[in-house]
Amino acid sequence: MKKIALTAGILLASTSIYAVAQEAAAPSREGGFGLGREALPEEVAAWDIDIRPDGEGLPVGSGDVWTGEELFVDYCSACHGDFGEAVGRWPVLAGGFGTLDGEDPVKTIGSYWPYLSTVWDYVHRAMPYGAAQSLSDDEVYAITAYLLYLNEVVDDDFVLSNETFADVEMPNEDAFFMDDRAEVELPLFTQEPCMTDCTDGPVEVTMNAMVLDVTPEEEGAGDDAAEAEEEAAPEDTGPDPELVAAGEGVFRQCQTCHQVGEDARNGAGPILNGVVGAAAAHVEGFRYSPAMTGAAEDGLVWTEENLAAYLTDPRGFLRGNRMSFRGLSSEDDIAAVIAYIQASGPAQ
């Protein structure tokens with residue numbers, strides 16, 4: 001009798017489970033999986049933080065360049081340097097002008113990015129590192145304004161806001177275009193290759209694959225002229241001590257990136273020992289920008305005249321170099337800091 005009662009109980013339980021299964025919504029790809037709920041309009045608005053290239057989606061707010069500099073030093077300079085020149089292997093944010101067609105292109109906000117909305121959105125969405133989306137809207141505007149200033153897109157009195165956003169023209173915007181390779185390149189690459197009539201005459205080997213520009217200079221050439229020049233050179237008494245003392249104060253603006261003296265080490269910028277009269281990019285072991293190494297290959301020498309022009313407007317003197325310092329406006333300060341560097345740093 002117990003067995004009959006137990007069997008009847010199992011049958012009732014199975015019937016009950018079947019009834020519950022019949023009442024529950026069956027998962028269906030056509031009608032959804034029966035999970036979650038439709039997002040509320042307020043939730044969608046909170047997630048929708050992207051900014052369009054024309055500025056659509058920007059919040060109301062503003063920030064100026066100098067406020068942005070202070071915020072950048074506090075939140076960003078540990079990785080990106082005081083002037084966007086980068087620290088270690090963190091990304092460079094400024095410079096790189098004219099390098100995109102070189103062997104080592106430097107892709108920055110100024111040299112590569114086509115839309116300002118990308119800058120604002122990235123700072124807003126992902127920065128500061130480790131505390132993403134902790135900046136206020138005005139702080140994001142200010143940091144973005146400072147980044148534009150570092151990349152020579154705006155002047156130092158510029159104020160970025162939701163109203164001035166569309167006035168900013170990114171330097172590389174016109175270099176981007178729609179991908180037309182399916183219509184332009186693919187038909188060319190899928191044609192039958194031409195293997196005949198490459199030249200009108202017989203085929204000749206004109207050069208090999210070895211490096212061709214390694215002809216050594218003749219030994220002794222120019223020695224006589226150098227000796228004569230050395231004999232005629234006046235005695236070097238060194239820079240004026242008073243000028244050197246004044247230059248020590250001016251050099252404090254350079255100490256963030258550069259060192260000079262017997263114990264000097266490379267930092268964000270190279271050591272400056274012996275820079276007066278030396279060839280550009282002469283410090284071994286320092287990774288110069290392509291613009292600077294290119295200038296060195298073109299024969300740039302740091303004469304006092306060239307150094308003065310460079311210190312007046314570093315980015316104007318050599319576009320694309322990584323020195324984002326805005327420059328010295330006083331000729332007296334420039335002469336003094338050159339004298340200090342010349343007196344403090346032994347030749348390399």
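**Exercise 1. Salt bridges**

Count the salt bridges in this predicted model, then find which residues join into one network.

*Solution.* The count comes to five salt bridges. The model is a predicted one.

Step 1. Take R52. Its side chain meets that of D50 in a salt bridge, 3.6 Å from N to O.

Step 2. R52 also forms a salt bridge with E56, at 4.0 Å from N to O.

Step 3. Shared partners join D50, R52 and E56 into one network.

Step 4. Check accessibility. R52 counts as partly exposed at 42%. D50 is partly exposed at 34%, and E56 is partly exposed at 47%.

**Exercise 2. The pair E43 and R37**

Decide whether each partner in the salt bridge of E43 with R37 is buried, partly exposed or exposed.

*Solution.* Step 1. The closest N and O atoms of E43 and R37 are 2.9 Å apart.

Step 2. Exposed means over 50% relative accessible area, and buried means under 20%.

Step 3. E43 has 24% relative accessibility, so E43 counts as partly exposed. R37 has 60%, so R37 counts as exposed.

**Exercise 3. Two helices**

Describe how α3 and α6 pack.

*Solution.* Step 1. Helix α3 spans residues 65–75, and helix α6 spans residues 137–150.

Step 2. Their angle is about 95°, with the axes 7 Å apart. The two helices are therefore roughly perpendicular to each other.

Step 3. Residues of α3 in the contact include W66, L71 and F72. Those of α6 include I143, Y146 and L147.

Step 4. The contact residues divide into eleven nonpolar, two polar and two charged.

Methods:
Residues are numbered from 1 along each chain as its sequence is written. This is a predicted model: local features need pLDDT of at least 70, side-chain atom pairs count only at pLDDT 80 or more; totals for chains, interfaces and linings use all residues. Side-chain values use heavy atoms; hydrogens and water are left out. Axes are lines fitted to C-alpha atoms, for helices over the stretch in contact, and angles run from 0 to 180 degrees between N-to-C directions. Helices (H or I, at least four residues) and strands (E, at least two) are DSSP runs, numbered from the N terminus. Angles under 35 degrees count as roughly parallel, over 145 as roughly antiparallel, 65 to 115 as roughly perpendicular and the rest as oblique. Contact means heavy atoms within 4.5 Å. Ala, Val, Leu, Ile, Met, Phe, Trp, Tyr, Cys and Pro count as nonpolar, Asp, Glu, Lys and Arg as charged, and the others, Gly among them, as polar. Buried means under 20% relative accessible area, exposed over 50%, partly exposed in between (1.4 Å probe, protein chains only).
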